[in-house]
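Work through the exercises below with the structure open. Try each task before you read its solution.

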Number of protein chains: 2
Amino acid sequence: MKRIFEVDPWKIVTHQFNPEDKRLQESMTAIGNDYMGMRGNFEEGYSADSLQGTYLAGVWFPDKTRVGWWKNGYPEYFGKTPNAPSFIGLGITVNGEKIDLAKVKFSDFYLSLDMHQGLLTRSFVYEGKDTKVKFEFRRFLHIVQKEAALIEVKATVLSGRAKIDFDSTLDGTVVNEDSNYNEHFWLSLGENEDDRTIQVKTKENPYEVPQFTVLLKESLRHDGKIVTGDVTSSEAKLSEKLSVELDEGQSYELEKDVIVVTSRDVDDKDQLAVANELMTKLQNKSFEENLVDHEATWNKRWQTSDVQIDGDPAAQQGIRFNILQLFMTYYGEDARLNVGPKGFTGEKYGGATYWDTEAYIVPMYLAVTKPSVTRALLQYRHDQLPGAYHNAKQQGLPGALFPMVTFNGIECHNEWEITFEEIHRNADIPHAIAMYTEYTGDDSYVKNEGMDVLVGTARFWAARVHWSKWRNKYVMHGVTGPNEYENNVNNNWFTNTMARWLLQYTLKRLPLATAEAKARVKVTDEEKAKWQDIVDKMYLPEDKDLGIFLQQDDFLDKDIRPVSEIEDQRPINQNWSWDKILRSPFIKQADVLQGIYFLNDQYTKEQKEKNFDFYEPLTVHESSLSPCIHSILAAELGKQEKAVELYERTARLDLDNYNNDTVDGLHITSMSGSWLAIVQGFAGMRYNDGKLSFKPFLPKKWDRYSFKINYRGRLLSIEMSDQAKITLISGEPIDVKVYDQDVHLREGESKCLKD
Amino acid sequence: MKRIFEVDPWKIVTHQFNPEDKRLQESMTAIGNDYMGMRGNFEEGYSADSLQGTYLAGVWFPDKTRVGWWKNGYPEYFGKTPNAPSFIGLGITVNGEKIDLAKVKFSDFYLSLDMHQGLLTRSFVYEGKDTKVKFEFRRFLHIVQKEAALIEVKATVLSGRAKIDFDSTLDGTVVNEDSNYNEHFWLSLGENEDDRTIQVKTKENPYEVPQFTVLLKESLRHDGKIVTGDVTSSEAKLSEKLSVELDEGQSYELEKDVIVVTSRDVDDKDQLAVANELMTKLQNKSFEENLVDHEATWNKRWQTSDVQIDGDPAAQQGIRFNILQLFMTYYGEDARLNVGPKGFTGEKYGGATYWDTEAYIVPMYLAVTKPSVTRALLQYRHDQLPGAYHNAKQQGLPGALFPMVTFNGIECHNEWEITFEEIHRNADIPHAIAMYTEYTGDDSYVKNEGMDVLVGTARFWAARVHWSKWRNKYVMHGVTGPNEYENNVNNNWFTNTMARWLLQYTLKRLPLATAEAKARVKVTDEEKAKWQDIVDKMYLPEDKDLGIFLQQDDFLDKDIRPVSEIEDQRPINQNWSWDKILRSPFIKQADVLQGIYFLNDQYTKEQKEKNFDFYEPLTVHESSLSPCIHSILAAELGKQEKAVELYERTARLDLDNYNNDTVDGLHITSMSGSWLAIVQGFAGMRYNDGKLSFKPFLPKKWDRYSFKINYRGRLLSIEMSDQAKITLISGEPIDVKVYDQDVHLREGESKCLKD
């Protein structure tokens with residue numbers, strides 16, 4: 001655990017600058033606007049250790065799979081988000097000395113990310129030999145005009161005289177740091193000094209993945225008016241230089257406006273004209289006016305999604321940070337996109353779509369955004385069904401196999417133990433259809449497009465199991481469960497359980513499908529009988545003496561001991577060799593417990609308790625996806641202290657760098673976990689059988705918490721202090737259950753209840 | 001199965017040239033002299049599909065490990081033998097047309113590898129518009145003067161007139177084809193046109209692996225006298241051009257002599273002088289005289305190692321081909337070297353040392369070469385113990401872990417399921433110490449250096465097992481057995497058995513060690529007690545009902561069915577996805593049966609029979625190491641037909657391209673398998689408890705076979721026809737057993753016996 005920012009309910013703020021924490025600072029002050037994003041790099045440049053990163057949603061590159069030993073079925077490429085052409089650059093020289101916080105003397109450092117609207121503010125006083133200059137930066141990515149980035153710097157001479165040279169740059173000569181061996185992904189299409197643009201294109205690939213073109217345009221303003229400097233360019237680079245001379249007490253403010261357009265939206269040949277137009281539009285308003293527009297949209301988002309926590313500012317800061325970062329990554333406004341595990345904050349995971357979206361994002365977004373946002377996420381997978389059929393075929397199996405990692409539906413990750421084996425995703429992803437249907441009450445998706453997904457995946461599962469004469473059961477070999485600290489295991493309880501669920505749910509929903517859907521999927525009676533047989537005879541390993549489900553065959557043969565015995569060796573993924581991790585009993589993230597979370601209403605309290613008590617002590621939570629699931633189950637089981645401990649781990653995973661890996665970027669897809677821990681955990685929200693219910697408790701050290709949810713056209717607020725207060729803010733009357741008591745609410749009405 | 005060469009007892013010969021079989025032809029006509037080797041490429045060049053390859057023993061390059069996702073403990077590099085600078089080039093143009101068998105018209109193609117001495121002969125008639133020219137090539141790598149390669153071409157004009165331009169080249173601008181992404185490994189150190197040399201150096205690496213320097217020199221002779229042409233050069237390339245004009249009936253012979261010296265033997269700065277000296281020495285004799293010297297040495301090798309088979313020319317050809325290729329790869333004359341799985345015939349496997357050496361090469365070399373050759377192989381591992389300690393440390397374990405793949409003792413392969421898990425090697429490699437000691441009767445190694453190896457590996461094993469409270473046994477998780485079609489399994493019977501054997505053997509040998517060895521290894525009483533406890537309580541999975549050992553936990557849970565059901569899908573490693581292979585019951589190579597082979601005297605005939613009958617039908621033999629082990633066990637169990645079938649598969653694996661992969665190169669380390677199948681299989685040779693014994697049978701379709709062995713200072717011959725005849729050719733009198741009958745032999749004496 002390491003905390004480098006101060007606790008504040010609405011700010012990520014620090015007055016310190018420690019070079020050793022530079023990457024961590026950059027991750028934590030990353031900003032985005034669902035269209036693009038960037039790490040918290042410094043405008044003026046920084047020559048010591050740093051991870052420079054700018055990323056464009058949906059712009060990716062298929063990087064050739066390079067392994068020492070090829071395995072049949074490997075995807076040909078590893079998909080990754082290339083570091084995008086950088087537009088942050090605003091170099092500064094004072095009296096000939098380049099401002100570089102790795103080298104110059106400075107004081108009064110201040111850095112703050114305002115969570116109301118994702119405005120990044122930074123200032124410091126440069127202390128030259130005879131001169132002191134205060135520099136103040138502001139930066140935001142426009143949430144209304146998504147193609148726009150606005151950067152402002154103000155220099156104030158505190159003492160002496162200063163000749164200040166500014167150098168505004170666009171730079172397409174960037175590389176990725178993570179496993180791309182310093183190769184360049186971008187080819188220059190030319191620089192335009194008059195228009196102050198560079199245009200680049202991702203390099204060719206042999207995989208029929210489109211080459212993306214990106215055009216960047218910059219323009220400088222002073223005092224709201226365009227100013228022009230000396231422009232020079234070289235391959236994929238452009239620079240505009242401007243100088244001012246200031247006496248003591250004088251100040252000068254310079255604004256760098258940037259427009260970024262990509263071939264996802266604008267044809268290559270139109271990009272220049274469109275960028276020019278967008279720049280004009282942007283510059284019709286001042287920096288402040290643009291910021292007001294930007295802030296207004298953010299306010300609207302917060303109105304329905306803010307979670308308030310009184311009495312624990314660290315918890316409050318954590319959840320707001322998570323909500324902000326989530327919404328900066330994805331707010332459902334472009335259905336072609338999805339939620340990359342690191343969002344726009346780092347390179348790892350390639351930026352693509354994982355099962356995280358369905359398992360962790362969907363249950364939160366169902367409640368904090370419009371149903372159409374979740375439906376777009378479901379549609380995204382439906383659109384990618386051809387890729388899923390391709391993936392199954394690669395493994396020699398029928399049906400559809402959703403990928404572990406993808407941009408276009410085709411698997412683009414290439415570790416066999418993940419790609420070929422971590423197939424539980426193929427039930428987790430369709431499981432979101434059930435969640436959507438259950439939460440929204442809208443069954444139009446499951447009856448139609450959803451049926452293509454269910455039947456496609458059902459066919460995969462029915463072929464992936466095999467009959468074991470030895471056990472007289474259907475078994476499933478060679479899988480990796482959510483606990484990726486085991487690979488290639490047999491009969492992972494979670495995978496077997498979810499595969500069985502998928503078949504059962506498909507059989508249940510199939511009769512209700514539309515005629516068109518039935519005609520498309522053409523399920524035969526023989527198939528249905530086979531699926532039912534698998535449902536009836538699936539092997540689900542358990543130990544009756546211990547009263548637990550077994551994570552996989554022979555789990556008990558391990559050297560079982562609690563994590564508390566190895567505290568000094570954590571995180572094990574950084575301190576242990578891979579084989580030692582695999583052999584150990586330690587669990588990366590919920591596995592059996594993930595199943596109990598997903599299919600929560602199918603298990604008794606005793607089953608939940610025994611499994612929780614057995615598995616939680618073995619769990620190292622080295623996946624960001626882990627603590628929230630445990631927190632929710634702990635809350636359900638009345639283990640309130642444990643629930644809070646794990647909530648804190650979820651909510652402040654990045655802010656406190658729990659797993660010592662936030663330098664690589666933020667854990668975006670797990671950020672919903674803190675919301676889930678409060679809403680499904682502390683407040684005990686469930687929505688089974690068309691009935692919303694709550695069982696709230698208040699963590700000991702909190703005074704109060706409250707949140708709002710959208711539910712079937714209504715807006716409800718739940719507030720918990722010494723009692724639970726539920727309010728129907730808007731919408732038709734509704735019946736809910738609180739502490740198992742029936743509550744009827746009309747619009748505007750509140751009810752207070754105690755357990 | 002595909003046979004492209006004719007059957008001949010002493011030749012690999014063909015009168016056909018099929019471009020589609022070019023790579024196969026190149027593998028099969030590879031030649032080597034233990035110092036260097038080359039594939040059967042064409043001197044004049046060939047523009048269609050081909051794998052050009054020249055390799056230098058002990059010259060390697062550490063290629064950065066490149067994976068999408070790093071795992072702790074991965075070796076930093078993958079070691080590989082880079083394609084060496086090529087000296088084969090002798091381009092030919094006739095009346096302006098370049099001779100290229102992919103393009104020109106030709107007839108009377110002939111290609112032959114004479115197995116007496118590894119002389120490659122090729123001829124064809126070029127049919128130009130108005131000219132016919134016969135070209136005859138001869139090529140060999142000098143077995144006495146190892147740095148020398150001799151190439152001869154003779155052109156005879158059959159009709160018309162011919163202006164023939166020769167272009168003798170040296171070329172350092174070569175790349176590898178296999179997983180190095182077309183990168184160049186060689187940097188030019190300069191070309192010397194006067195001396196006709198190029199000198200190159202492997203590029204820098206950050207792993208403290210020495211950069212190797214190689215100098216090549218060529219010189220042309222005609223009629224035994226040096227001739228000079230026009231020399232030109234470019235970076236890492238040299239060319240010497242010469243023209244002749246010939247009338248119909250005239251012929252011209254040109255000899256290209258080559259010297260190759262490397263920094264393994266000669267300092268960079270001395271290489272030119274040494275190469276000049278060696279060339280002078282070589283050219284003191286004519287091509288024919290050099291060939292006579294070369295042949296004399298080969299004759300000596302054959303005298304003690306030839307295996308004769310009457311009545312089955314294909315079987316005869318197979319075993320001679322294997323012995324030739326083995327001896328061309330390694331004859332024990334340079335103790336720094338070892339036996340790469342593809343020798344000098346291809347790129348795959350990197351050219352490094354595998355456990356194959358100890359498991360497959362040692363038991364043959366013990367009998368066909370001097371004991372010092374095997375002892376050198378043992379010493380090679382002892383010299384690499386520091387690397388083995390490093391490897392164990394990488395995994396967080398004490399003791400020594402011999403690598404799966406290495407050049408210097410440090411693991412240099414990087415699939416976790418192999419590197420981290422296929423650890424049975426760490427008992428198989430020390431097992432050669434027991435074989436050496438038992439066969440030679442020389443215990444000086446095991447008492448001294450051998451003890452370092454035994455104790456180092458024992459310490460690894462004692463830490464790698466863990467105590468299972470559930471089973472009340474020591475267990476071993478997360479391993480890959482010899483059957484690499486399973487990964488990350490628990491309690492692989494073979495690995496558990498061999499680990500137990502190693503501990504037991506170490507405990508047995510330790511009291512007999514020298515005082516110095518004991519002082520070095522410092523084994524405590526506590527350690528000994530722990531090792532004994534593991535020996536006593538090791539879990540060895542078995543199924544008592546079936547009477548078999550279980551390859552691993554839950555093996556019976558698989559969808560068990562014989563290979564005969566999937567004949568149309570073989571080889572599965574080319575037709576199935578990796579995950580399908582892993583889940584299947586099909587076995588790549590002997591696993592349980594490998595253990596029964598290694599520790600042959602510990603199992604009853606019934607145990608052998610039941611395990612053989614269970615596992616052999618599940619085995620696809622897609623490792624070249626597989627059929628011989630099965631052949632030997634089949635022979636022991638009286639399954640003579642099966643033994644012969646598997647012998648043929650072993651002996652002609654490459655000649656008949658059984659696994660459809662000989663295009664990549666020959667399976668060198670398994671070539672001893674055919675010898676083992678005859679000697680340990682058909683002739684039933686054993687050498688337990690200091691007593692040599694035989695139980696020969698004659699395969700039905702053979703008339704006779706015979707072989708010779710060195711045994712404890714004696715040379716014996718065994719000949720089997722309608723009866724067994726054993727002869728002590730030289731050495732002290734000896735008592736052996738034949739068909740369980742005691743036989744006493746004096747020098748020069750033969751005895752004949754029947755079963």
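**Exercise 1.** Place A:Gln552 in the predicted model, decide whether A:Gln552 is buried or exposed, and list its contacts beyond its neighbours within four places in sequence.

*Solution.* Start with the location. A:Gln552 sits in the loop of chain A between β25 (548-549) and α15 (572-575). Next, check accessibility. The relative accessible area of A:Gln552 is 4%. Buried means under 20%, so A:Gln552 is buried. Last, collect the contacts. A:Gln552 touches A:Glu486, A:Val489, A:Asn490, A:Asn491, A:Asn492 and A:Lys558.

**Exercise 2.** Find the strand that pairs with β6 (residues 77-80) of chain A, then say which residues of β6(A) are buried on each side.

*Solution.* Pairing comes first. Strand β5 (residues 61-64) of chain A runs antiparallel to β6(A), joined over four bridges. One bridge links A:Pro62 to A:Gly79. Now take the faces. In a regular strand, side chains alternate between the two faces of the sheet. On one side of β6(A), A:Tyr77 and A:Gly79 are buried. On the other, A:Phe78 and A:Lys80 are buried. Both faces are covered.

**Exercise 3.** Describe how helix α12 (residues 493-509) and helix α14 (residues 525-537) of chain B pack.

*Solution.* Take the geometry. The axes lie 9 Å apart, at an angle of about 135 degrees. That angle makes α12(B) oblique to α14(B). The crossing is left-handed. Then read the interface. Residues of α12(B), including B:Arg500 and B:Leu503, meet residues of α14(B), among them B:Lys528 and B:Trp531.

**Exercise 4.** How many disulfides are there over all chains?

*Solution.* A disulfide is a covalent bond between the sulfur atoms of two cysteines. Apply a sulfur cut-off of 2.5 Å. The count over all chains is zero.

Definitions and conventions. Residues are numbered from 1 along each chain as its sequence is written. Chains are lettered from A and ligands numbered from 1 in the order in which they are written. This is a predicted model: local features need pLDDT of at least 70, side-chain atom pairs count only at pLDDT 80 or more; totals for chains, interfaces and linings use all residues. Side-chain values use heavy atoms; hydrogens and water are left out. Helices (H or I, at least four residues) and strands (E, at least two) are DSSP runs, numbered from the N terminus. Buried means under 20% relative accessible area, exposed over 50%, partly exposed in between (1.4 Å probe, protein chains only). Contact means heavy atoms within 4.5 Å. Two strands pair if DSSP finds at least two bridges between them. Axes are lines fitted to C-alpha atoms, for helices over the stretch in contact, and angles run from 0 to 180 degrees between N-to-C directions. Angles under 35 degrees count as roughly parallel, over 145 as roughly antiparallel, 65 to 115 as roughly perpendicular and the rest as oblique. A crossing is left-handed if the near helix is turned anticlockwise from the far one by less than a right angle, and right-handed if clockwise.
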